[in-house]
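Grab your viewer and a notepad. Here are some short exercises, each with a worked solution.

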Amino acid sequence: MRVITFFKRSCASTNIFGRKNFSNVGFVGLGNMGGHMARNLLKKGYKLTVYDVNEVAVKSLVKAGAQSAENSGKIAVDAEVVVSMLPSNQHVLDCYTGENGILSSVNKNTLLIDSSTIDPSVSQTVAKQAEQSGALFLDSPVSGGVNAASAGTLTFMVGGVKSNFERAKPILEAMGSRIVYCGDVGMGQAAKLCNNMLLGISMIGTAETFNLGKKLGLDPQVLADIINSSSGRCWSSELYNPVPGILPNVPSSNGYKGGFGTSLMAKDLGLAQAAATRMEAPIPLGALAHQIYRTLIANGQFDKDFSVVYEFLKGHR
Ligand code: NAD
């Protein structure tokens, strides 16, 4: 097997950027995001072996041209690079360090790229264990939702050894349009959690501002024009306004369907809260934002875009 693996490695092709590509890529986690990302790798000509606990997701990728493996350990046997896109901490630990996990059979120098959004400390734990197996680990969470995953325009925030990052770049470029090096292992996750904490807070700030303006009698469109050219300007107001009808093609103008779900926002704020507690960093607004999105979920808004916080604050009067 090792001889075959060596032969396959020596056959690695060169991509349009002039960098070495990988001939055998493994992909674990074919959900809303991972399914599209894996398809983009297939479209770019990568030979792909996939695994997911959900057989329907696996069948759909096999139909598109991938091979399937029995478990994540089997994925690692022949792969030069493995990408994972899993829901959260425990899934990543199970998939890498569990029985029949990736690290049970990984080859030396195999590149492991985890794009799940998880706690930076979990990325660091998996990276240490990967190192003991001779493998190279990068954390590489993404921003951009399902549409960006489908269009291949995700942003990857990458943590790990710089030379491993350079090696991973061609494969990340096959799934995304912006690949950012953030520092040591865990720093991709740190960047993602910090950005999403600010986004969660700024969306609530925008929603309560527009709610107050409306109650005072201001036309929301006039308020948007003022804010978007004044010091209150932010992404949530300018490009993702939570008030229905101000912007076309955003979830608020479509019944808060699609977009970035309140459950995912609450998950990321929970990760930020855990990290902040560990670091003894005060995050009063992040903690409050976490509880507000949790309350939204408890009120049945778990499948709505996170900008639905505007409707929640507006109430029924
Ligand atoms: P998802 O739940 O749709 O997909 C996860 C997939 O992992 C599922 O198909 C599930 O069956 C599979 N899985 C779970 N445990 C497994 C295991 N042990 N082995 C193999 N497969 C397993 O989630 P998603 O929306 O694709 O999100 C994936 C990650 O990306 C999450 O960490 C999420 O926070 C992050 N993310 C999501 C979005 C988004 O808009 N959906 C945006 C940015 C980041």
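Below we go from the whole chain down to one surface patch. The model is predicted, so local features need pLDDT of at least 70 and side-chain atom pairs pLDDT 80 or more, while totals for chains, interfaces and linings use all residues. Residues are numbered from 1 along each chain as its sequence is written, and side-chain values use heavy atoms, leaving out hydrogens and water.

**Exercise 1.** Work out how compact the chain is.

Solution. Start with the count: 14 helices and 9 strands (DSSP runs, H or I of at least four residues, E of at least two, numbered from the N terminus). Next, the globule rule (2.2 Å times the number of residues to the power 0.38, with the radius of gyration over C-alpha atoms) gives 20 Å for 317 residues; the chain has 21 Å, so it is as compact as a globular protein of that length. Finally, 50% of the residues count as buried (under 20% relative accessible area, 1.4 Å probe, protein chains only; exposed is over 50%, partly exposed in between).

**Exercise 2.** Describe residues 24-183.

Solution. First check the record: an unreviewed UniProt entry annotates this span as "domain: 6-phosphogluconate dehydrogenase NADP-binding", and such annotations may be inferred rather than shown by experiment. Then look at its make-up: 41% helix and 25% strand, with end C-alpha atoms 27 Å apart.

**Exercise 3.** Place Leu-218 and say whether it is buried, partly exposed or exposed.

Solution. Leu-218 sits in the loop between helix H9 (187-215) and helix H10 (220-227). With a relative accessible area of 36%, Leu-218 is partly exposed.
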